[in-house]
Amino acid sequence: MATWNSRGLRGSTLEDLLNRTNEKYAEHGLALIQKIPTPITPINIDKETRHITLAYFDQKSTVDYIGAVQGIPVCFDAKECNTDTFPLANIHEHQVKFMEQFEKQEGIAFILISFTHRDEFYYLRFEDLKIFWKRAEQGGRKSFRYEELDPAFFLPKESGILVPYLPMIQRDLDTRD
C-alpha cells in the first residue's frame with residue numbers, strides 16, 4: 001500500500017480514496033456505491049476548451065454517496081476535519097433530514113469523517129449524529145470532540161482497501177434492535 005508521500009496518492013482527497021474503495025468493493029461483489037454529483041448550472045463556458053469556468057449550485061445536495069451493500073440500502077456523506085473538533089455547521093439540516101428519511105425506509109445512513117491530522121477515519125452512525133445535532137439545537141455545543149466518539153467505530157487499517165468502512169456497517173447493524 002502506498003504511503004502518504006508517494007506519487008500515487010499525492011493530492012488525493014477523501015473523495016478520491018472513497019471512489020477507489022468503492023471500485024474495489026464493486027469488483028469483489030461486496031457493494032455497489034455511487035458518488036452523487038452535485039447539480040450545477042453553468043454561467044460561463046470557455047468556447048475553445050468547452051470547460052465550465054463559472055457555475056452555481058442548482059439545489060441543495062443530499063449526501064455524497066448512495067447504493068447498496070449486500071442488499072441493504074446505504075447512504076453517506078464524507079467530511080474532512082483537520083482538528084479534534086468537528087463543527088456541526090459542516091453538516092446541513094437538509095442532509096440530516098434526508099438521512100433520517102432514509103433510515104425510516106430501513107436504510108443505513110452515516111457520515112465518514114477523515115481526521116486528516118491523525119490519519120484516521122471515523123464512521124459516525126446516524127444515531128450518534130442525531131445526539132450531537134439535538135444537543136446543538138437545544139443550545140449546547142455546535143460541534144463534537146474527538147474524545148466524544150465511540151472508539152469501536154474508528155476504521156481499522158486493512159490491506160488493499162483505502163477506507164474500509166464495510167466492517168463498520170456490520171458493527172452498526174449489530175448495535176441496532
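This is a short dialogue on reading a predicted model.

Visitor: In what order do the strands of the sheet stand?

Guide: The model is predicted, and its open sheet has 5 strands in the order S1-S4-S5-S7-S8. The pairing is mixed.

Visitor: Which strands stand at the edges?

Guide: Those are S1 (31–35) and S8 (120–125). Each has a single partner strand, so one side of each is left without a neighbour in the sheet. From one strand to the next, the twist averages 25°.

Visitor: How many bridges join S1 to S4, and which way do the two strands run?

Guide: S1 and S4 (residues 65–69) run antiparallel and are joined by 5 bridges. To find one of them, start at alanine 31, whose bridge partner in S4 is valine 69.

Visitor: Where do helices H2 and H3 lie on the sheet?

Guide: H2 covers residues 93–104 and lies across S4, S5 (72–81) and S7 (108–115). Its direction is at about 155° to S5. H3, residues 126–137, packs on the sheet and touches S7 and S8. The direction of H3 makes about 80° with that of S8.

Visitor: What describes two packed helices?

Guide: The general description uses the angle between the axes and the distance between the axes. Here the axes of H2 and H3 come within 11 Å and cross at roughly 140°. That angle makes H2 oblique to H3. The crossing of H2 past H3 is left-handed.

Visitor: Which residues make the contact between H2 and H3?

Guide: From H2 they are Glu93, Val96, Met99, Glu100 and Glu103. From H3 they are Phe126, Leu129, Lys130 and Trp133. Sorted by class, the contact of H2 with H3 has 5 nonpolar residues, 4 charged ones and no polar ones.

Visitor: What sign of phi do most residues other than glycine have?

Guide: Most of them have a negative phi. Glutamine 70 has a positive phi of about 50°, although it is not a glycine. Glutamine 70 is found in the loop between S4 and S5.

Visitor: Is glutamine 70 buried or exposed?

Guide: Glutamine 70 counts as exposed because its relative accessibility is 59%, and the cut-off for exposed is over 50%.

Visitor: What is the phi of glutamate 106, and where is this residue placed?

Guide: The phi of glutamate 106 is near 70°, a positive value in a residue other than glycine. Glutamate 106 sits in the loop between H2 and S7. With a relative accessible area of 70%, glutamate 106 is exposed.

Note on methods. Residues numbered from 1 in each chain as written. Predicted model: local features only at pLDDT ≥ 70, side-chain atom pairs only at ≥ 80, totals over all residues. Heavy atoms only, no water. Pairing = 2+ DSSP bridges. Helix = DSSP H or I, 4+ residues; strand = E, 2+ residues; numbered from the N terminus. Axes fitted to C-alpha atoms, helices over the stretch in contact; angles between N-to-C directions. Contact = heavy atoms within 4.5 Å. Parallel < 35°, antiparallel > 145°, perpendicular 65-115°, else oblique. Left-handed = near helix turned anticlockwise from the far one by under 90°. Nonpolar A, V, L, I, M, F, W, Y, C, P; charged D, E, K, R; others polar. Buried < 20%, exposed > 50% of the residue type's maximum accessible area, 1.4 Å probe, protein only.
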